[in-house]
Structures are given as structure tokens and as C-alpha cells.
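User: I would like to learn how to read the contacts and other local features of a model like this one. Please take me through them one at a time.

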Amino acid sequence: MPELPEVETTRRGIAPLIEGRRIDRVLVRDGRLRWPVPAQLNQLLGGQTVRAIERRAKYLIFRTDCGSMLVHLGMSGSLRILPAITPPEKHDHVDWILGPDCLRFRDPRRFGAVLWTDQPAERHIRLCNLGPEPLSEDFDGRYLYACGQRRQVTVKQLLMDGSIVVGVGNIYANEALFRAGIRPTRPSHRIALSRYQRLAGQVQAVLREAIAQGGTTLRDFQREDGRPGYFRIQLKVYGRAGEPCLICETRLRQLRIGQRASVYCPDCQR
DNA sequence: AAATTCTCCTGAAGGC
DNA sequence: TGCCTTCAGGAGAATT
């Protein structure tokens, strides 16, 4: 499932091939995504040049002279660049045609979104209430500590709250907590500043490592077979419930916090 | 205002 | 082999 590193990897993969190019037309085969794809998307985007592709949280922002398109990959979404003549397959919902090429959106579970705004993108309702980027200077242990002090939630819920910090999904929340030695169930207001500093550092570290590994397969974005080329970093706890901790060999436990699977080592994480 | 629960969807995995 | 059930999950919406 695309988390921040996958979205950033996607951005880096397609940006060099899309930025500066003109969209001839947009083909919406099935606009029933998280929200309906704007019916006028073809009229709005047709003939427009993509000036830049940026990212905010897990949203990709395609900037043009008359507005911005936001794309969210949801849980199962992907963007690939293919020859425009490539026949679409099941779940290939939207095509952006650029000369001989096609940027194609596939999303089997349709939790993704394609939105449009003619206002500055950062003012969009989906973007204007988000917390800081985890890899920005606005995010550090002191900030997390301050947020945690005034809330009554578990530290895992704090990490996954997009109004606190964006882009930390279930997988990386689990991994960062393990690396920081903090139990996902610990109340956010009962963690020392020094441990929050360690946690913030591990959030950044695991995201940076994942992005770095994604970068090794960027060329895949041009491949006709469309293999996504997403990295698979070594996950130390996520998906390993019942297996031995890689540090101490204690059986990893799993429980649910706010409908989300949480895996941790009862010995290493306190 | 903050916290919790519900919701969308479909592929994968498990049970029999 | 195949049908049925359960589960996973990003994040906004609804509810408490």
C-alpha cells in the first residue's frame, strides 16, 4: 500500500517524464473513486502543460497554469507511464495522454482520488489542515512531545494522525516505534522528551531509507510492463506477529489500535 | 474540541 | 475445485 515513500518514489519516477509536457486529453474510464473524478477534467486539463509535480503528505500535486490536479493513490493505486497504444486492463481508471505516451492510473480498490482546484493547491480543503511533513524541519522530537502532552491517545495514534504529522501510515508507524523501543499502546502524554526525540529520528530514518531504496528502481516507471518498482525494505515487525523479534527473539505480539494492526516486541518496546 | 466508530472497495487468504 | 467468509487498510465522515 502506498505510503509516503512510495508516493515520493512515484513522484520522482514520473516527474522527469511529465514536467514541461502538454496533456493532450484525459480519458476517464471509471470515475468512481473515493470522490467522483471531476466530469470536466478533460476540458480543464486538455492542452495544459504540467509545470511541476510536487507532493504534500500522500497527495501528488500536478501544477498547471490554470489550476492544480491532486492525485491520491489510496491503498492500491499506482501511476505508470506507458505507450499510449497500450490496451487498458481491469482497474485502469484514468489516462492522461501526452503525445505518444500515457500516464495511467490503476486502482483496484478505488480508495484513491483525482481532484481539481483552480485555487492555490495548498489552500485546498484536503491540504490546508495537514500537519508538517515528517522530513521537514518543522518535525522533531520537541514538536511531537508538545503534541503528545495535550492529547489523550496512544503514541501510535498520535503518529498516524495527519493533523499532527503527515505520511506516517500503519507500516512505518509500527516500524518506527519498534526502532525507538516504544510500545504502540503507550499513552502519548506519558513519554519523555528524550524518547520522543528518538522516535522522531526513527520516523525520519525509516522514511529516508525507504525512499532511498525506492530510488534504485526508478527506471521501472518507464517500462511497458508497468511493474511498479516499489522497494521492499526489510520490515522488522509489520506482518511478523508471532515470529521472533530480530533483536531478542521474543515472540512479537499483535493487537489492534483504532482498527489498525499493531505489532510490537513486548521485551524491546516499553 | 477531542476521541471513537463507521465507511468506501476488492483481492487475498483461510475454512470446509 | 470451488464457494463462502473474513480481513486489510488511508483517511474523511459521522457519531459520541
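User: What lies 3.4 Å from a phosphate oxygen of DNA strand C?

Analyst: A polar contact is a pair of N or O atoms within 3.5 Å; within protein, one must be able to donate a hydrogen and the other to accept it, and residues adjacent in sequence count only if both atoms are side-chain atoms. Here a polar side-chain atom of Y59 lies 3.4 Å from a phosphate oxygen of DNA strand C. R256 also has a side-chain N or O atom 2.9 Å from a phosphate oxygen of this strand. This is a predicted model, in which local features need pLDDT of at least 70, side-chain atom pairs count only at pLDDT 80 or more, and totals for chains, interfaces and linings use all residues. Residues are numbered from 1 along each chain as its sequence is written, chains are lettered from A and ligands numbered from 1 in the order in which they are written, and side-chain values use heavy atoms, with hydrogens and water left out.

User: Which residues come nearest to DNA strand C?

Analyst: A residue is near a strand if one of its heavy atoms lies within 4 Å of it. There are 16 residues around DNA strand C, and R34, H72, M75, Y238 and R260 come nearest. Of the strand C atoms within 4 Å of the protein, 56% belong to sugar or phosphate and the rest to bases.

User: Which residues are around DNA strand B?

Analyst: They are K90, H91, P108, R109, R110, F111, R151, Q152 and Q259. Sugar and phosphate make up 58% of the strand B atoms that come within 4 Å of the protein. Phosphate oxygens of strand B lie 2.6 Å from a polar side-chain atom of R110 and 3.0 Å from one of R151.

User: What does the side chain of R109 contact on the bases?

Analyst: An N or O atom in the R109 side chain is 3.2 Å from a base oxygen of DNA strand B. For DNA strand C, a base nitrogen is 3.3 Å from a side-chain N or O atom of R109.

User: How should I read the phi of H91?

Analyst: Most residues other than glycine have a negative phi. H91 has a positive phi, near 75°, and is found in the loop between β5 (78–83) and β6 (92–98). Strands are DSSP runs (E, at least two residues), numbered from the N terminus. A57 is another non-glycine residue with a positive phi, about 55°, and its place is the loop between β2 (52–56) and β3 (59–64).

User: Is A57 buried or exposed?

Analyst: Buried means under 20% relative accessible area, exposed over 50%, and partly exposed in between (1.4 Å probe, protein chains only). A57 counts as buried because its relative accessibility is 7%. H91, at 28%, counts as partly exposed.

User: How many salt bridges does the structure hold?

Analyst: A salt bridge is a side-chain nitrogen of Lys or Arg within 4 Å of a carboxyl oxygen of Asp or Glu. The structure holds 20. One of them joins R106 and D92, with the closest N and O atoms 2.6 Å apart. This pair links distant parts of the chain, with R106 in strand β7 and D92 in strand β6, 14 residues apart. D92 is buried, with a relative accessible area of 3%. D95 and R104 form another bridge, at 2.8 Å between the closest N and O atoms, and both residues are buried.

User: Which residues are linked in a network of salt bridges?

Analyst: The network links E8, R11, R12, R55, R56 and E133.

How values were computed:
Helices (H or I, at least four residues) and strands (E, at least two) are DSSP runs, numbered from the N terminus.
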